[in-house]
Amino acid sequence: MYGAEKPSGDSERTAFRRAEKKYKLYYDDRSLKSSRKKKQAKPVDVSDVIDFKAIAAAHERGGELPVGVAAAPCGFRRPMFCLEGRPGFYFIPGALSLEEQCQWMRESLLSFPQPPNRTNHNAIYGPLQDLFAAAKERKVLVKDESDGDHPTWKFVDEAEVPLRGNGCTSCPASALLRKLRWSTLGLQFDWSQRNYDVSLPHNKIPDALCQLAKRLATPAMPQGEEFRPEAAIVNYFASGDTLGGHLDDMEADWSKPIVSMSLGCKAIFLLGGKTRQDDPIAMFLRSGDVLLMAGEARECFHGVPRIFTDEDSAEITPLELHFSNQDDCFLQEYLRSSRININIRQVF
């Protein structure tokens, strides 16, 4: 799981690595040299990127599907598509309603990182309670060394930090929120051992999310079987963040799909083949889109080389409007430069 490719002389020559570099965010050198200019992203050629939103709109009007794309029966209010040469991969554009997108974006920030669920911050700071609320209230994480043998970290008001002296180790909660990269729900994944550790304490996946995942997984399930959501990994992306080419290979039964839900800013998703030498297929992922990967598709390298946070390309206006009331201003600010992905798995 997340066996991201490390650049090397050989990896630079793989088809997957070349595609990652093609779509990755790079800035114009002239804007970097000027302290007065806002950093300008270099243009990227997206002419080869599949746009399932446009395909769905044309399909609903009776238009022909592009070569290599087929419609698949699913019983949903939205059409579902599959790709030639990638059995077990399904794309459902706009599968989540605006209300569902807002609900799970809110939960991803307020609830899912809560202990005993683990995040990437656990390794350094231990469990952090109410990270989003602390960032919203401009609090600071400080190291409490009152118990010399067992120092702990806690959030305090910004005004308290100077009172603790120059030697106080601290970090703004807002910076930690921006550095939040993943959280885990249900059965916890042990990143150091690369397996699920059933002994670790955890919160169950919320029932509403379980029911949604079961419904979405149905078209990709073996006939007569029901999806059992047992674990979920939530990924958080900011501008410039990427997810390198990897396999999700730690679950016992690959015939069961991974249900992947996209929230927030638009991204490019790469779906490769069974080796990094296979040319990947690039496609746009928008807020509300859902991917299913089961069977042979579970053996395909995949990753996210780019998210779009500029106003013209992010395509998050409906979400911004939904979070426009005063209580949600901080969440709206986060949304404008972020993407969240919730991927749900059956472990056993």
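Two strands count as paired here if DSSP finds at least two bridges between them. In this predicted model, strand β1 (residues 69-72) and strand β2 (residues 80-83) clear that bar with 4 bridges and run antiparallel. A72 has M80 in β2 as its bridge partner. From β2 the pairing carries on to strand β3 (residues 89-92), again antiparallel, this time through 2 bridges. Here C82 is matched with Y90 of β3. The hairpin of β2 and β3 has 5 residues between its strands, and G85 takes a positive phi near 85° in that hairpin.

Stepping back to the whole chain, the domain assignment gives two parts. Domain 1 is put together from three stretches, 16-25, 41-112 and 180-345, while domain 2 is the single run 125-177. Taken over C-alpha atoms, the centres of domain 1 and domain 2 are 33 Å apart. As for how the two touch, 7 residues of domain 1 are in contact with 5 residues of domain 2.

Now for the sheets. One is an open sheet of 3 strands, ordered β5-β4-β6 and paired antiparallel. The edges are taken by β5 (152-156) and β6 (170-172); each has a single partner strand, so one side of each is left without a neighbour in the sheet. From one strand to the next, the twist averages 25°. Looking at one of the pairings, β4 (residues 140-144) and β6 are joined by 3 bridges in the antiparallel sense, with L141 bridged to C171 in β6.

Another open sheet has 4 strands in the order β11-β16-β13-β14, also with antiparallel pairing. At its edges stand β11 (243-246) and β14 (281-285), each of which pairs on one side only. Its twist, too, averages 25° from one strand to the next. Strand β13 (residues 267-271) meets β14 over 5 bridges, antiparallel once more, and F269 sits opposite M283 of β14.

F269 turns up again in the enclosed space of the model. There are 3 cavities of 30 Å³ or more, and the largest cavity holds about 170 Å³ of space. Its lining runs to 19 residues, and F269 is among the five closest to the centre, along with L243, S260, H302 and N341. Strands that give two or more residues to this lining are β10 (231-238), β11, β12 (258-264), β15 (290-293), β16 and β17 (338-345). The largest share, 4 residues, comes from β17. By class, the lining of the largest cavity breaks down into 9 nonpolar, 7 polar and 3 charged residues.

That leaves the open pockets. The largest pocket has about 540 Å³ of space. It is lined by 21 residues, and those nearest its centre are K38, T309, D310, E311 and R336. Two or more lining residues apiece come from β16 (302-307), α9 (311-314) and α10 (317-322), with α9 giving the largest share at 3 residues. Sorted by class, the lining of the largest pocket has 9 charged, 7 nonpolar and 5 polar residues.

The second largest pocket comes in at about 350 Å³ of space. Of its 20 lining residues, K53, Q101, R286, S287 and E315 are the closest to its centre. The elements giving two or more residues to this lining are α3 (52-60), α4 (98-110) and α10. Here α10 gives the most, with 3 residues. The class split of the second largest pocket's lining is 8 nonpolar, 6 polar and 6 charged.

A few elements come back across these spaces. Helix α10 gives two or more residues to the lining of the largest pocket, and also gives the most to the lining of the second largest pocket. Strand β16, part of the sheet of 4 strands, gives two or more residues to the lining of the largest pocket and likewise to the lining of the largest cavity. Strand β11, at an edge of that sheet, gives two or more residues to the lining of the largest cavity as well.

Key: Residues numbered from 1 in each chain as written. Predicted model: local features only at pLDDT ≥ 70, side-chain atom pairs only at ≥ 80, totals over all residues. Heavy atoms only, no water. Axes fitted to C-alpha atoms, helices over the stretch in contact; angles between N-to-C directions. 1 Å grid on protein atoms, 1.4 Å probe; cavity = no way out; pocket = protein on both sides within 12 Å on 5 of 7 lines; lining within 4 Å. Points joined across faces, edges and corners; volume = space filled by probe spheres on them. Nonpolar A, V, L, I, M, F, W, Y, C, P; charged D, E, K, R; others polar. Domains from an automatic or database assignment. Contact = heavy atoms within 4.5 Å.
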